[in-house]
Amino acid sequence: MDAVSELLAGVRARGAVFRRTIMRPPWALRMTSGASLTLATMLDGHAWIVPEGHDPVRIGPGDIAVVPGDAPYTVADAPTTKPTQQITTADYCPGPGHTPRTCGDPADEAPVLLSGAFERRGELSERLLRALPPVLVVPAEDGAYPSPELIAAEIAKDRPGQQLVLDRLLDLMLVSALRTWFDTPNSTAPAWCRALDDPIVGTALRLLHESPAHPWTVADLAAKTGVSRAALARRFTTQVGEPPMSYLTSWRIALAADLLKETDETVSAIARKVGYANAFALSVAFKRLKGTRPTTHRTTTTHPWPPA
């Protein structure tokens with residue numbers, strides 16, 4: 001599996017909310033839906049995305065903007081325009097009489113914003129989501145896919161299987177944007193994003209990912225990758241940002257966190273599955289990294305977005 005595929009394994013659109021918004025200047029929308037990851041592109045005109053505490057970012061036709069996190073932000077025709085409407089999970093596109101998934105009435109030369117929201121599924125891509133800038137913009141000329149026209153055409157329809165199509169379009173937008181980000185020279189993508197493509201570190205990472213329950217040591221990984229322990233530890237730490245065994249611990253805990261939420265397996269069974277001898281050993285590591293115990297994590301209510 002390549003780097004982008006591995007990093008995105010835990011982030012998949014499911015019941016994605018996609019909307020086309022037609023606005024007449026001056027306009028500004030305060031986004032407070034709580035979506036964990038939002039993508040936006042302009043079909044016509046331009047917009048400014050203004051995240052709290054960060055500089056505004058301009059997007060034009062065909063640009064893809066990725067906004068991670070659930071903090072409120074503003075989308076507007078200008079950075080200084082004050083919001084006139086707040087967008088929440090309850091009133092994302094209120095009112096009868098609109099074209100399906102379209103807010104606003106068609107108008108010549110009116111800016112058209114296309115936006116889609118992810119429900120974050122699981123812990124395994126937290127590392128990636130935390131590494132994203134407040135707003136990541138991939139310019140249209142960098143070949144992002146799918147095109148805004150394709151998305152707009154699908155949004156305007158009501159057809160069998162449409163939700164699945166919209167989910168996959170959102171997946172394609174995200175993969176396309178991140179692939180371009182990773183490949184762009186001098187981009188802000190963290191070094192560990194590229195580490196999976198390194199012949200030595202990438203091999204070590206795949207071994208850890210594929211067999212987290214194995215009793216790995218640095219010596220084992222070094223033997224498998226064909227370098228010395230010191231060379232592997234140094235290269236791994238430089239490219240990933242932490243030593244191999246520290247990374248393994250965080251990977252195991254991420255796996256355990258998902259299993260606790262998604263299965264009815266006992267804590268002991270999950271512990272063995274991710275490489276711990278018993279529930280107590282997992283609990284100690286889980287508490288140290290997550291700040292809570294496995295049983296508490298399992299019973300903690302999460303609020304997925306969008307609502308069913």
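The following paragraphs lead from the whole protein chain to two of its residues, T74 and Y145, in a predicted model.

The protein chain has 308 residues, and 49% of them count as buried. Its secondary structure consists of 12 helices and 11 strands. Among the contacts with a separation of 6 or more, 74% are made by residues 24 or more positions apart in the chain. The accessible surface amounts to about 15000 Å², and carbon and sulfur atoms contribute 53% of that area.

T74 offers a view of the buried part of the chain. This residue belongs to strand β7, which covers residues 73-76. T74 counts as buried because its relative accessibility is 8%, and buried means under 20%. When residues up to four places away in sequence are set aside, T74 touches A28, L29, R30, W48, I49, V50 and P83. With one of these, R30, T74 also shares a polar contact between side chains, at 3.2 Å.

Y145 leads to the surface. The residue is found in a loop, with β11 (136-138) on one side and α3 (148-155) on the other. Its relative accessible area is 46%, so Y145 is classed as partly exposed, a term for values between the 20% limit for buried and the 50% limit for exposed. Together with L150 and L172, Y145 forms a nonpolar patch on the surface. The accessible area of these three residues together is about 270 Å².

In summary, T74 is a buried residue of strand β7, whereas Y145 is a partly exposed residue of a loop between β11 and α3.

Conventions. Residues are numbered from 1 along each chain as its sequence is written. This is a predicted model: local features need pLDDT of at least 70, side-chain atom pairs count only at pLDDT 80 or more; totals for chains, interfaces and linings use all residues. Side-chain values use heavy atoms; hydrogens and water are left out. Helices (H or I, at least four residues) and strands (E, at least two) are DSSP runs, numbered from the N terminus. Buried means under 20% relative accessible area, exposed over 50%, partly exposed in between (1.4 Å probe, protein chains only). Contact means heavy atoms within 4.5 Å. Accessible areas come from the Shrake-Rupley method with a 1.4 Å probe; for residues, only the protein chains shown count as cover. A polar contact is a pair of N or O atoms within 3.5 Å; within protein, one must be able to donate a hydrogen and the other to accept it, and residues adjacent in sequence count only if both atoms are side-chain atoms. Patches are made of residues with over 30% relative accessible area and no salt bridge: like charges are joined within 9 Å, nonpolar side chains (Val, Leu, Ile, Met, Phe, Trp, Tyr) within 5 Å. A salt bridge is a side-chain nitrogen of Lys or Arg within 4 Å of a carboxyl oxygen of Asp or Glu.
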